[in-house]
Each structure stands twice: as structure tokens, then as C-alpha cells.
Amino acid sequence: MFKLGEYDDVTAKDLADRLREMKIRVDIRPSIVADLKISPVLQGRFSELKNEIEDEELLKKYEHYLESVRKTFAEKPAPEEFYKRYLTHAVPEWVKITEKIESVVRGMIGPEEASGETSSTVPSQEAPSEPSEEPLPEEASHEESPSESASMSDDVDFGSLIDKKAAAEFLSQVFLLNELDVDEDPGDKLDDPIVAIPVVAKDYLQHPMLRTNIYVNLEKVHDIYIDEWSVLTCEDLGEDFFDEYQHEAIEIMAVHGVLNNLTDMPPSGKMDMESFVQKCGVYMDMESGIFDVNAYDVAEDLARILEKNGVVKIKGDTIRWKKA
């Protein structure tokens, strides 16, 4: 079986249904995966870190994030508005990008469907975790006009994506390390709070304030596997499928191309494994670009697929094609 990818519940069901319509055999296997992040940081009171951080630009950036936290608390926004208000101070460029995306989406789906707000809340009575990622400009819609797409792309400073993530992680750590609640008066907790600033570990070896934070997020996903032979005999994928599942469509085309190449019987009707390996690739130089499939490392697996489906017989190092 060929693993097509990992998907959430809704996407997995839709994709599996589409594949079955094309007569591709599908197997869905739920699993739990771990998203692991290891982050070396200097952690301590901000007044202490100011004397330890060697990178002045880095220090200046996190000083700005801290001041943004203070400003946001001073404005006393509603808990559900706290995170978005914080970003308006910490990374105003990112807020402009998301507003542009929301404007385009609202214009496409209509005012009735666009009444819901983009999630940017910080739960009350707990440290704010980073909300789910806003769509990148090119992900906002697959149906935007060329002029809209070009305009959005021209306005994007992709450095703001990095800054937005850093600002969100900083906010979360400030809440956790200083026992803050989003709807409380912080009092003097933000005068000189405990903060964690990411650093390059090798630059601070043996430093007493160096810590290694490890974050593990367990998620349930659905692995979709497809039967390779049914890919070879499947019906046409169609433009709609390619538009909605471009990566999956290309992977299916790759499997199809390799197997189709291997079913061609050589003049002698047989070959050794070394020669068979050389057939496990597809290369096409088209006007639109190159399509290059490398399946050399799975040659033995492909040979067994052919044998299982009655195309070849494997005996030792020899692969013999059966007569049609």
C-alpha cells in the first residue's frame, strides 16, 4: 500500500470518497502523531536578560513584544479580543495581511456567510496558546482572481510570518511563567516579568540561564493508504480532483507512471534485478516543466506488486514477465 498522507477527519473522508469514485482502493487508518518542538532559550527576569543577550536586534524585538503585552493589558480588551489586540501592537504588518485576506474572502462568499469572525481569542483563566494559523495569502482561496492574487502577494512581507509566530510564543510564555490570566489586572507582574527568549544554544553553552524547552503536541490524524495496482487501472483523475488535491494527484500520477512503465514486457521476457531497478523511474521533459519520478529504492517492493497481480514471476535474482 502507498501512503498518500495524513489528514484530519473531514478531509480524510472527502478524499477517500473521491478516490473510491475513481475505483482506487483506499484504506484509512487512524493514528496519534506527536508534533515535537525543541527550543533553547535564555529564561529569567527581563532586567537580567538585558545584560546577557548578545544580539541587540533580538533583544530589541523582544523588548517590543513585552511592551506590546503591557499595552494590551492597559487597554483592557475583552478576553476574546486580547490576542488580536496584542498582535496589532506586536506585529502590525501581520494584522494588515490578515485583514486583507478577510476582506477578499468576504467579497467572494458574500456578507451572509462572512459574518463569523476569524478566531483570535485567548481563553480566560489560562495561558494563551497560539490560535490555529491564519491562512497564508496564497491559501486564502483557490478561486481568487489573478489581480487579487498578485495584489495580495505584492503586499506581503513574509518576514512578518516569522515575527507573528515568535510574538505568539512569547505571549504564551509570559502568561505561563508569570501566572497571568487574560481577564485579570496584572498588577506589578509585568514590571519585570520572567520571560523566555529563543537563542542559538551553541552561543550560550554552560550559561546558567540557558534552558531547553520541549513541547510535544499529540494529535489524532487519519492516514490514507491506496492500493498501487488500483492506481494503475483507475479512471481519469479529472480536473476538479487535481485542483482540490494537487499534491495527491501528482503522487498518484507518479505511482501510475512507474507501474505502467514496469508492465511493459522486455524483448527477452525477463531481466535481472539490477536491470529492473533501472526501469523504476519516469522522466518527462515537457514544455511546462520536468516530471521526474525516482522509485529506485523501492524496486523490490514494486516487483512484488507486479508478482502479486500476475504480471511477473520472481525467482532468485531473475524477474520473468508472464505472457499476456
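**Notebook: Gln-173, the open sheet and its helices**

I began with Gln-173 and found it buried, since its relative accessible area is 12%, where buried means under 20% relative accessible area, exposed over 50% and partly exposed in between, with a 1.4 Å probe and protein chains only. What I am reading is a predicted model, in which local features need pLDDT of at least 70 and side-chain atom pairs count only at pLDDT 80 or more, while totals for chains, interfaces and linings use all residues. Residues are numbered from 1 along each chain as its sequence is written, and side-chain values use heavy atoms, with hydrogens and water left out.

Gln-173 sits in helix H7; helices (H or I, at least four residues) and strands (E, at least two) are DSSP runs, numbered from the N terminus. I then looked up what Gln-173 touches, taking contact as heavy atoms within 4.5 Å, and, with neighbours within four places in sequence left aside, I noted Ala-196, Asn-213 and Tyr-215.

**The chain as a whole**

I noted 12 helices and nine strands in the protein chain, and 39% of its 324 residues count as buried. Of the contacts in the protein chain with a separation of 6 or more, 73% are between residues 24 or more positions apart.

**The open sheet**

I followed four strands through an open sheet and wrote down the order E1-E4-E2-E3, with antiparallel pairing; two strands pair if DSSP finds at least two bridges between them. Strand E1 (2–7) and strand E3 (194–198) are at the edges and have a single partner strand each, so one side of each is left without a neighbour in the sheet. From one strand to the next the twist averages 45°.

Within this sheet I looked at strand E2 (residues 26–45) and strand E4 (residues 210–226), which are joined in the antiparallel sense over 17 bridges. As one register mark I recorded Pro-40, whose bridge partner in E4 is Thr-212.

I also checked helix H10 (residues 246–262), which lies across E1 and E4 and runs at about 170° to E1; axes are lines fitted to C-alpha atoms, for helices over the stretch in contact, and angles run from 0 to 180 degrees between N-to-C directions.

**Helix H1**

Helix H1 (residues 9–21) has 13 residues, and I noted 19 Å from its first C-alpha to its last, close to the 18 Å expected at 1.5 Å a residue, the expected span being 1.5 Å times one less than the number of residues. Which residues of H1 are buried? I listed Ala-12, Leu-15, Ala-16, Arg-18 and Leu-19. They cover an arc of only 165° around the axis, which puts them on the same side of H1; the arc is that of the directions from the helix axis to the C-beta atoms. On the other side of H1 I found Asp-9, Val-10, Lys-13 and Glu-21 exposed. The cover over the buried residues of H1 includes E1, E2, E4, helix H9 (239–244) and H10.

At the start of H1, a side-chain oxygen of Asp-8 comes to within 3.1 Å of the backbone nitrogen of Val-10. After H1 comes Lys-23, with a positive phi near 70°.

**Helix H3**

For helix H3 (residues 56–75), the end C-alpha atoms are 29 Å apart, which agrees with the 28 Å that its 20 residues should span at 1.5 Å a residue. The buried residues of H3 include Leu-58, Leu-59, Tyr-62 and Tyr-65, and further along Val-69, Thr-72 and Phe-73. At the start of H3, I found a side-chain oxygen of Asp-55 within 3.0 Å of the backbone nitrogen of Glu-57. Lys-76, just after H3, takes a positive phi of about 50°.

**Asp-185 and Lys-84**

I located Asp-185 in the loop between helix H7 (159–177) and E3, and at 65% relative accessibility Asp-185 counts as exposed. The side chain of Asp-185 reaches the backbone nitrogen of Gly-187 at 3.0 Å. The C-alpha atoms of Asp-185 and Ala-74 are separated by 8.8 Å, although these residues are 111 residues apart along the chain.

Lys-84, in helix H4 (residues 82–90), is partly exposed with a relative accessible area of 26%, and its C-alpha atom is 9.6 Å from that of Thr-72.

**The E8–E9 hairpin**

Last, I looked at strand E8 (residues 312–315) and strand E9 (residues 318–321), which run antiparallel and are joined by four bridges. The bridge partner of Ile-314 in E9 is Ile-319. E8 and E9 form a hairpin with two residues between them, and Gly-316 in the turn has a positive phi of about 65°.

Conventions. A polar contact is a pair of N or O atoms within 3.5 Å; within protein, one must be able to donate a hydrogen and the other to accept it, and residues adjacent in sequence count only if both atoms are side-chain atoms.
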